[in-house]
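Student: I would like to learn how to read a beta sheet from a model. Could we work through one together?

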Amino acid sequence: RPAVLPDYRRVEPAGRYPWIEPCAGARVEGILLCDVDDAALARLDEYEDEGRLYTRAEVEVRLVDGSTRRCQTYVGRAVRRHP
């Protein structure tokens with residue numbers, strides 16, 4: 001489902017994978033994946049290199065109907081953001 005994550009921005013450095021990071025007043029548009037089971041979440045953690053490149057964090061997104069929903073996303077780790 002289409003969703004917006006407020007107070008985060010997308011960073012796209014040349015030659016590196018993009019990430020999101022907190023940024024007051026910014027917003028990131030994306031897709032909310034629903035009904036992700038534990039096995040799929042484990043595969044996503046592996047793909048995103050969770051714990052090394054990204055940290056999975058709980059956030060609140062806004063859906064197109066105006067409602068909000070708690071979910072999880074991958075945020076660039078501080079060491080990655082500021083080499």
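Student: In which sense do S3 and S4 pair, and over how many bridges?

Tutor: As a general idea, strands of a sheet pair through backbone hydrogen bonds, either parallel or antiparallel. In this model, which is predicted, S3 and S4 pair in the antiparallel sense, over nine bridges. One of the partnerships to look for is that of Val61 with Arg69 in S4. The two strands form a hairpin with four residues between them, and Gly66 in that turn has a positive phi of about 95°.

Student: In what order do the strands of the sheet lie?

Tutor: The sheet is open, with four strands in the order S2-S1-S3-S4 and antiparallel pairing. Strand S2 (19–31) and strand S4 (68–76) are the edge strands, each of which pairs on one side only. Neighbouring strands are turned by 45° against each other on average, direction ignored.

Student: How many bridges join S1 to S2, and over how many do S1 and S3 pair?

Tutor: Nine bridges join strand S1 (residues 2–11) to S2, and Pro6 has Arg27 in S2 as its bridge partner. S1 and strand S3 (residues 54–63) pair over two bridges, again in the antiparallel sense, and Ala3 has Leu63 in S3 as its bridge partner.

Student: Is Thr73 buried or exposed?

Tutor: In a regular strand the side chains alternate between the two faces of the sheet. Thr73 lies in strand S4 and counts as buried because its relative accessibility is 19%, where the cut-off for buried is under 20%. Leaving aside residues up to four places away in sequence, Thr73 touches Leu5, Ile20, Thr55, Arg56, Ala57 and Val59.

Notes:
Residues numbered from 1 in each chain as written. Predicted model: local features only at pLDDT ≥ 70, side-chain atom pairs only at ≥ 80, totals over all residues. Heavy atoms only, no water. Pairing = 2+ DSSP bridges. Axes fitted to C-alpha atoms, helices over the stretch in contact; angles between N-to-C directions. Buried < 20%, exposed > 50% of the residue type's maximum accessible area, 1.4 Å probe, protein only. Contact = heavy atoms within 4.5 Å.
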